[in-house]
Structure formats: C-alpha cells, structure tokens
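Here is a small set of exercises to work through with the model open beside you. Try each task before you read its solution.

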Amino acid sequence: AGIELTDPDLTARVTSGLARVEELLHREVASEFGFVTEAASHLMQAGGKRFRPMLTLVAAGVGPKPDSDDVITAATVVELIHLATLYHDDVMDEADVRRGAKSANARWDNSIAILTGDFLFAHASRLVAGLGPEAVRIIAETFAELVTGQTRETVGPRPDEDPIAHHLRVLDEKTASLIDTCGRYAGMFSGCSDTEIAALRRFGRAIGIAFQISDDIIDLGSADSGKTPGTDLRAGVPTLPVLYTLAEPDVDPLLRQRLAGPLTDDADVAETAAQLRTGAGMASTRQTLGSYATRARAALDELPPSPAVDALAALVPFVLDRTR
Ligand code: FPP
Ligand code: MG
Ligand code: MG
C-alpha cells in the first residue's frame, strides 16, 4: 500500500492488526440476504490496498497503547466507510470497473449498489458507536465532509472561482478528510497527546491530497502504475495538470480544443498526454505536489522519533516516486 514496514515489532503488530481488521470486515458484510452479502463482499474480495486501516494501525504506533481493541475497530470503521463511498461513487460516476473487477452497479445494478453502500455505512455506524460519542461525532463530521466534496465536485467551480482552488478543495474534502480521521482515531485510541493527534491529522490531510495529485499525474502515463493512462483525459475529468495547463496565458489552441473534449481517438489521447507531461502545467502540478509532501513531512517532524513515524515518513517519497 506504499507503507513499507522494516521494523520487526511494528511489522508484527501491523500484520496481526490487519488480520483482525480483515476478520471484522468479513463479519460486517454478512447479511441475512445472500445477494447483499455477495454484493457487500464483492469489492472487499476484489482487492484494495487497505491503505486506510494500515495507516491507522501504523499511526497508532505513535501512542503508548498501539494494541488497543479500539484501534482495530477504528481501522475497520474507516475501511467500511471508504468501501461504502466507493459503491455510491461508482453509481454517480457510472463506472464499470473498480479494483480490476466489475463495479457493483455494472455487475448488478444501481439499486443494489446504493443499497450495499447504505448497508456498509450502517454497519460502520454500529461499530463506531462502540468507540464512544466523540468517535461518532468525528465520523459524522467526516462523512458530511465526504458528501460535501462529492457535491462540490458534481456542481463544479462557480464562474468567479479559481478552478484549481476548487479542485484542491474537492480533494481535501472527498479524500483527505477520511485520511485525517485515520490519523485522528489512531492518535485518540492509542493514547496520544492532543499535540500528537493534531500532527497526525495534519499529516493525514497533506498525504491524502498529495496521493490524489499523484493519481492525477499518473493518469498522464508513468512507469508502472498498473493503470490505463489517459482514463481521466478521455472521460474529460479535470485533473490538476489539465487545470494548470488551461490556466497558462498562451495555451496551444489545438491542445485547448482537445482538452475541451470529447477526446476519443487513441493517438489524440497519447499526443495530448505527452504534451501535458512536458508542459508548464505539469511543472506547476509537481510544485503543488511537492508543497503537500513538504507539509506532510513537517507534520511528522513534530512527533518524537519512532519506527512508526519512520514508516509514515516513507510514504512521502513513495507518493513522489510513483509519479516518475
Ligand atoms: C472517489 O473519487 C470518491 C470519493 C473518495 C468520495 C465519495 C463520497 C460519496 C459518494 C459520499 C456518499 C457516500 C455514502 C456511503 C452515502 P473519484 O471518483 O475521483 O475516484 P475513483 O477514481 O476511485 O472513482
Ligand atoms: Mg469515481
Ligand atoms: Mg467520483
């Protein structure tokens, strides 16, 4: 998942923690209705990096009680919430594929995908209730932020709004908010101080946005991302390199026309991606990515050194390197 574990104690704790999360996840997808169980396990079994549970478990290593049951529950809750949003997001995006498998809406239909998202959300809510009212309030606020981000993306920038600021705000709300909560829960349930929790939250926000920006860059093609380049370009999804390119004073008219879409021809897509990769918009994108990476690093520098902090720190070069 990008989190490299080298310290043996940390590796053992995170590995056994992930196994417990996996067990809890399997328990939570069981329904009295076979088709719901099937639909709810579908994406879980399709794969997924379990990035959020992993981050939660690693970050819990900052506190004195990294092994608490509440840490495991919290790590399961964030993955269930994430999964729930994927079912709904694929309905909204009319996506056919998720995690290399058919999306639930494509495999079944929209109603089943929506119902399954609600089912997972209901189960996450029940689990989080066991973590107490503060945890419930936090997840409620996070959930509201996810929905706001999804809505802001759907509505698009106002005519007087900078599309780049709008894009970054959407990334912050629809992705970074949940990563923030991973760090926050990890800190809360492992017994961190308020200052440490604040640092873990700041780290989560920054690395969450950095990760999304690196995804935007990868869409233009890079080494071995395991993704089909140009997917966003074809779909007309405004990514950060595209937005920065369009903000340049003298954009090549053909490029501008192509970016206005529709872009379907394979050769056109490849040419456009190549042009974007080498343009000034890409340089600005990398600069912005770098600034979030620096912010993530700076947040960790406020924490006492430990193997857990080292593992979190390794995420920074990982996010930068995956765009090379
Ligand atoms: C993925 O973005 C979308 C999100 C991370 C947030 C989705 C949030 C909701 C659907 C809110 C409502 C959820 C529920 C359970 C009521 P993307 O489409 O850019 O990424 P992708 O490439 O992974 O599809
Ligand atoms: Mg989507
Ligand atoms: Mg979406």
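**Exercise 1. Describe the overall fold of the chain.**

Start with the contacts. Among those with a separation of 6 or more, 74% join residues 24 or more positions apart, where two residues are in contact if their C-beta atoms, placed from the backbone, lie within 7 Å. Bear in mind that this is a predicted model, in which local features need pLDDT of at least 70, side-chain atom pairs count only at pLDDT 80 or more, and totals for chains, interfaces and linings use all residues. Residues are numbered from 1 along each chain as its sequence is written, while chains are lettered from A and ligands numbered from 1 in the order in which they are written.

Next, list the secondary structure. The chain has 16 helices and two strands; these are DSSP runs numbered from the N terminus, helices being H or I with at least four residues and strands E with at least two.

Now turn to the dimensions. The C-alpha atoms fill a box of roughly 60 × 50 × 35 Å along the principal axes. The radius of gyration is 20 Å, which agrees with the value near 20 Å for a compact globule of 324 residues. That radius is taken over C-alpha atoms, and the globule rule is 2.2 Å times the number of residues to the power 0.38.

Finally, look at burial. Of the 324 residues, 42% count as buried. Here, buried means that 20 or more other C-beta atoms lie within 10 Å of the residue's own, exposed means 12 or fewer, and partly exposed is in between, with C-beta atoms placed from the backbone.

**Exercise 2. Map the surroundings of ligand 1.**

First, find the shell: 13 residues surround ligand 1, and the closest are Ala84, Thr85, His88, Asp89 and Gln150. A residue is near the ligand if its C-beta atom, placed from the backbone, lies within 6 Å of it.

Second, assign the shell to elements. Two or more residues each come from helix 4 (69–92), helix 6 (110–129), helix 7 (133–155) and helix 8 (163–189). Helix 4 gives the largest share, four residues.

Third, sort by class: five residues are nonpolar, five polar and three charged. In this scheme Ala, Val, Leu, Ile, Met, Phe, Trp, Tyr, Cys and Pro are nonpolar, Asp, Glu, Lys and Arg are charged, and the others, Gly among them, are polar.

**Exercise 3. Which residues of helix 3 meet helix 8, and at what angle do the two helices pack?**

Begin with the geometry. Helix 3 (residues 51–59) and helix 8 pack at about 35°, with axes 8 Å apart. The axes are lines fitted to C-alpha atoms over the stretch in contact, and angles run from 0 to 180 degrees between N-to-C directions.

Then read off the residues. On helix 3, Arg52, Leu55, Thr56 and Ala59 take part, meeting Leu178, Ile179, Cys182, Gly183, Tyr185, Ala186 and Gly187 of helix 8. By class, the contact has seven nonpolar residues, three polar and one charged.

**Exercise 4. Are Ala74 and Glu79 buried or exposed?**

Take Ala74 in helix 4. Ala74 counts as buried because it has 31 C-beta neighbours inside 10 Å. Beyond residues up to four places away in sequence, Ala74 touches Thr56, Leu131, Tyr185 and Phe189.

Move on to Glu79, also placed in helix 4. With 27 C-beta neighbours inside 10 Å, Glu79 counts as buried too. Leaving aside neighbours within four places in sequence, its contacts are Val21, Leu25, Arg50, Arg52 and Pro53. The C-alpha atoms of Glu79 and Phe51 are separated by 8.4 Å, although these residues are 28 apart along the chain.

**Exercise 5. Examine the backbone in three loops.**

Check Glu94 in the loop between helix 4 and strand 1 (97–98). Glu94 is not a glycine, yet its phi is positive, about 50°. Glu94 counts as exposed because it has 11 C-beta neighbours inside 10 Å.

Continue to Arg99, in the loop between strand 1 and strand 2 (101–102). The phi of Arg99 is also positive, near 55°. With 15 C-beta neighbours inside 10 Å, Arg99 counts as partly exposed.

End with Pro262, in the loop between helix 12 (253–259) and helix 13 (266–278). The peptide bond from Gly261 to Pro262 is cis, with omega near -5°.
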